[in-house]
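Dear colleague,

I am handing over the structure we spoke about, and my notes on it follow below. Please read them alongside the coordinates and tell me if anything is unclear.

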Amino acid sequence: MKEQAHVVSTGMYRYTHSHKGGADIHDVFIEKSVFRVLFSCIGAAFLLGSVCRALLSKETLCLGSFWSVAFSAIIAKWLQYKPVKKESLIIMPAFGVQLEQHFWSGRAHRQFVPISKILKPVLNECVSPVTCYWSLALLVRHEGEIMLVFKKLHPPVKMLVPIWKALCAFTNSDSLSPPVVLPPDGLRKPVDQDGVVES
């Protein structure tokens, strides 16, 4: 039986939280924008036109034509429309979590993580030279890297916090537990309040 869904919406993303058949379902939808799709098509056409102009012109290729193609590629990539319709996290008690990506084409990608492999959910602030955003990730046993819950979408932190709290409750992770330092040998050593590694 499906219960009433909790909905939070921003300009670009919409978050819904519902329960169905004992599973705890967290969906993040990307709001489809006609202008963004239109700009994506215009950007692709601009790139195609620049490449054709550079290759088919009677003049020899020069540094200016390469700059034009590179600039057009950057603009087209910036205006590119994301093909992801929604990303979901389904918490299945006693089993694990399932991460899903649903595309506008109808295709879906699913990945299951057993509860025995999940160490702890974490909220990360991702900083790059161009942007800054929050992400939700899982620390997974025997994996070299963290596993992002939302791989293509970057919802705001106000949507990530309830999902993180649900994951903490599911994995019995205390959100205020002391940080853990992972040395090169892979052994976990707790850190005290002063930041000193305990022996």
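Over residues 193-197 the pLDDT (the predictor's confidence in each residue, from 0 to 100) stays under 50, and the model has 6 contacts beyond four places in sequence for them, a contact being heavy atoms within 4.5 Å. Residues 175-189 also stay under 50, with 18 such contacts. This is a predicted model, in which local features need pLDDT of at least 70 and side-chain atom pairs count only at pLDDT 80 or more, while totals for chains, interfaces and linings use all residues. Residues are numbered from 1 along each chain as its sequence is written, and side-chain values use heavy atoms, with hydrogens and water left out.

The mean pLDDT of the protein chain is 77, with 69% of its residues at 70 or more. Among its elements, strand E10 (residues 180-181) has the lowest mean, 44, and E6 the highest, 94; strands (E, at least two residues) and helices (H or I, at least four) are DSSP runs, numbered from the N terminus.

Strand E6 (residues 108-114) pairs with strand E5 (residues 96-103) in the antiparallel sense over 7 bridges, where pairing requires that DSSP finds at least two bridges between the strands. Within this pair Gln98 stands opposite Phe112 in E6, and in the hairpin, which has 4 residues between the strands, Gly106 takes a positive phi near 100°.

Finally, Ile146 lies in the loop between strand E8 (132-140) and strand E9 (147-148), and is partly exposed at 39% relative accessible area (buried is under 20%, exposed over 50%, partly exposed in between, with a 1.4 Å probe and protein chains only).

Best regards
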